[in-house]
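Here are a few notes on how two of the domains meet. Have the model open while you read.

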Amino acid sequence: MTEPQAAPRVFADLPARLARHSETLENRIPLAVSGKLTRMVGLTLEAVGIQAAIGGRCLVMPPSGEPVEAEVVGFAGDKTYLMPTGDIRGLVPNAKVVPLNKVCAAPAGMALLGRILDGAGRPLDSKGPLGVDTWVPLNGRSINPLARHPIDMPLDVGVGAINAMLTVGRGQRMGLFAGSGVGKSVLLGMMTKYTTADVIVVGLIGERGREVKEFIENILGPEGMARAVVVATPADNSPLMRLHGAMLATSIAEYYRDQGLQVLLLMDSLTRYAQAQREIALAIGEPPATKGYPPSVFAKLPQLVERAGNGDKGGGSITAFYTVLTEGDDQQDPIADAARAILDGHIVLSRELAEMGHYPAIDIEASISRVMNEIVVPEHMQQARRVKQLYSTYQQNRDLISVGAYSKGSNPRIDEAIAYYPRLMNFLSQPIGEAVQFEQSLGGLAALFKNPPSTQPQAKE
């Protein structure tokens, strides 16, 4: 019998060749089906011929110049609606649209401290690359409400009126309601400098570009900036970038919370975030519902706000302050009303107090902290309630007192309110450059009632 012939050489290295081809297939670049731009109305781009998920990124390729990045915000039939993240000048009909098969992510890490970012996570401070190797989802992660640690510790914000009358707890979400020019940015700056938090994340969303540098240099200062991260998307940014700016600031705060740190998140303002979502929703055809705001706006607000708060037991926390612009000082504005319902309390700034030169211009009658009763001792709560009663009694009878129509001795409660009023106003005011710590605030509150002022009418000569 003849011996079997050896296998041809082509089969001898077959396993190695198959392994090389398998590795090539694993590392292949996925094919992207490109489409074309068919319509543009306002800031909404309409493309056909592509398949991309909501939130996915695409590149629109103009004949000349840099490609324009856009995000998928909706679709109808074979049409895909995109919202650009930057300048759209130079786009032409039938421009090529290429899906990138990726979604937005947020940079995270301790290297971000002291840095200033835009809504896309790019540095604005000319300090070079961010130097982070961790990226977290822009949309965050949901926390089981039963796994959240309860709010059981007060947070010192360095503002006496808030510490004493509207005590804030670690992990609480507060709204700062004010009209334009009443001092909300200054109050935010005071809390930024004086709050006992490990890390501060500031989101400047949709405000004037001039205010960004002023807030950083004049209000935050080098000391505050050393432990802060600032995300700035001024009013001239696209609505998508303003939306992403708020989400980016929240994602960065979530990262620090997950590291076990106590985080203070300041967002100015929640109203501009809602207006950015309104612009996007109306542009893609969503019908307006409440005073021009589509339903998606009121769905987006709790999705953003609920990301703040305490994490798992033993972990860190995000104490958040959201400013809400009440246009015309209307407290029944749709966004103000919706925010009041989903936040853990609200601080209302009064234009009348600001015009009197009383700062911070906090209206303690209209303000409330919903968790204060659970984090302070009964004596503190009783004293704060008495201050509110005295202040409210005086305000209710202010017109009579001002014109001299009230005569002392007619009503003991009014007499007491008149006697205490100068003390109350002095206690509730505070210089911008001066911090009032928590224990100091409680001492000042107790001192109000140590030596009661005389309520007896003066004898007529």
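1. Let's begin with charge pairing. Across the interface of domain 1 and domain 2, the rule finds zero salt bridges. Keep in mind that this is a predicted model.

2. Polar contacts do turn up, though. Three residue pairs are in polar contact across the interface of domain 1 and domain 2, with both residues at pLDDT 80 or more.

3. Which strands supply the domain 1 side? Strand S4 (68-76) and strand S5 (79-84) each give at least two residues to the side of domain 1 that touches domain 2. The largest share comes from S5, with three residues.

4. As for residue classes, the side of domain 1 that touches domain 2 has five nonpolar, two polar and two charged residues.

5. Now the area. Domain 1 and domain 2 bury about 760 Å² between them, and 72% of that is on carbon and sulfur atoms. On the domain 1 side, have a look at Val73, Met83 and Thr85: these lose the most area to domain 2, together making up 47% of what that side buries.

6. For the wider layout, the domain assignment splits the chain into domain 1 (35-103), domain 2 (106-375) and domain 3 (380-448). How far apart are the C-alpha centres of domain 1 and domain 2? They lie 31 Å apart. The contact itself takes nine residues from domain 1 and eight residues from domain 2.

Methods. Residues numbered from 1 in each chain as written. Predicted model: local features only at pLDDT ≥ 70, side-chain atom pairs only at ≥ 80, totals over all residues. Heavy atoms only, no water. Domains from an automatic or database assignment. Contact = heavy atoms within 4.5 Å. Buried area = accessible area lost by both parts, 1.4 Å probe. Salt bridge = Lys/Arg side-chain N within 4 Å of Asp/Glu carboxyl O. Polar contact = N/O pair within 3.5 Å; in protein donor to acceptor, adjacent residues only side chain to side chain. Helix = DSSP H or I, 4+ residues; strand = E, 2+ residues; numbered from the N terminus. Nonpolar A, V, L, I, M, F, W, Y, C, P; charged D, E, K, R; others polar.
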